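Q: Hi! Could you walk me through a couple of spots in this protein model?
A: Happy to. Let's look at it together.

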Amino acid sequence: MIPIVDLKAQYASIKDEIGVAIQGVLDSCQFTLGNEVAALEKEFATYCGAKDAIGVNSGTSALHLALLAAGVGPGDEVITVPFTFVATAAAIHYTGATPVYVDIDPGTFNMDPEKLEAAITARTRAVVPVHLYGQPADMDPIVEIARKHGLIVIEDAAQAHGAEYNGRRIGSLGEMACFSFYPGKNLGAYGEAGMVTTDNPTYAKKIRMLRDWGSEQKYHHTLKGYNFRMEGMQGAVLRVKMRHIEAWTEARRVAARRYDEAFAGSGIETPRPFTKGRHVYHVYAIRSPARAKWQHELTAKGVQTGIHYPLPVHLQPAYADAKWRRGDFPHSEKAAEEVLSLPMYPELQNAQQEEVVAAVLDVARQLVPNY
Ligand SMILES: Cc1ncc(COP(=O)(O)O)c(C=O)c1O
């Protein structure tokens, strides 16, 4: 089976460096925060072109604390997209605010800026565009509309480490950006971890306090905070991986180009070329109304695929709200029915990718009407 991601292949390529880094944490006994996390924060801020970065224990916590730092709370509305991982909406709920959705542009799978203004009410506090699959949302119009209405923009950059939009790195385009280092992400920890980047010292200070029980001074709690600290071990692992992220991102982009070229003219619906910067291909998704058959056939041919994501958030039972019905966000709903992610990771070998391509073209012969 060719897997959709292969964490073991990546570990094998950096095993010695990781061993040294982990040994360093064991020797120092700095198991939460500590020097490795502090150094990672500096390096990651620089990488994103942001003034500061605050390490936390997951991407979800990053979103939660960024929203709290922005002053979002009960009674507020926060605008995001329904076609995302559930954490985007969950973090909004944690603050007591209500998520309000705008549909995606079906060509990019990201927030359609033309639909944003109509969703703004007197209660809207913030906008959370998601850079889904590693492709930046169309930030210029989103930020412009947000500024006009006095809203804070928090990027959900969980899938977009190193992505660029109009010459700028993701992580510095809104007031704050939130990254996940879940193991399967483009920059993945060996456990859970996340980061908020920001240029704003007030937000940075508040997030630093909130992640550590709302205190600046031990046992003095000036804010009601959380235990959302990043572990020292994750800081050390991520610092090793930062040395490789650019090469890995380029390898993803090469693999994506190979898929694009191999499927050109086949009638397979491939990701639209991204013209406004750098797509980092966390996910490479094709789409088809016959997705179940595609997935079944590819599995039979030894190619693992994924579905990111099969249900938009407004139709998830836990987040269903009487306000939303099937049909409210037709592009998100259709994408959720059609997307199929192919194997995509930096260590994907040419020969493996050729096997995937051959299997996909074989299935296309049966299932694509204009093949
Ligand atoms: C778009 C998106 N937002 C938020 C998250 C939450 O990140 P984490 O799993 O690190 O909490 C993820 C990843 O899982 C994600 O893909």
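A: Below we talk about one helix and then a loop in this model, which is predicted.

Q: Cool, let's start with helix α7. Which of its residues are buried?
A: Helix α7 covers residues 201-210, and its buried residues are Tyr-203, Ala-204, Ile-207, Met-209 and Leu-210.

Q: And what do those buried residues pack against?
A: They pack against two groups of elements. The helix in the list is α3 (59-69), and the strands are β1 (52-56), β5 (152-156), β8 (176-180), β9 (194-198) and β10 (215-217).

Q: What caps the N-terminal end of α7?
A: That is Asn-200, with a side-chain oxygen 2.8 Å from the backbone nitrogen of Thr-202.

Q: Let's zoom in on Met-209. Why does it count as buried?
A: Because its relative accessibility is 8%, and buried means under 20%.

Q: Which residues does Met-209 touch, leaving out those up to four places away in sequence?
A: Met-209 touches Gly-214, Ser-215, Glu-216, Thr-222 and Leu-223.

Q: New topic: where is Thr-84?
A: Thr-84 sits in the loop between β2 (77-80) and α4 (87-94).

Q: Is Thr-84 buried or exposed?
A: Thr-84 is buried, because its relative accessible area is 4%, and the cut-off for buried is under 20%.

Q: What does its side chain make a polar contact with?
A: The Thr-84 side chain makes one with the side chain of Thr-88, at 2.8 Å. Leaving out residues up to four places away in sequence, Thr-84 also touches Val-130, Leu-132, Asp-156, Tyr-309 and Val-313.

Definitions and conventions: Residues numbered from 1 in each chain as written. Predicted model: local features only at pLDDT ≥ 70, side-chain atom pairs only at ≥ 80, totals over all residues. Heavy atoms only, no water. Buried < 20%, exposed > 50% of the residue type's maximum accessible area, 1.4 Å probe, protein only. Helix = DSSP H or I, 4+ residues; strand = E, 2+ residues; numbered from the N terminus. Contact = heavy atoms within 4.5 Å. Polar contact = N/O pair within 3.5 Å; in protein donor to acceptor, adjacent residues only side chain to side chain.
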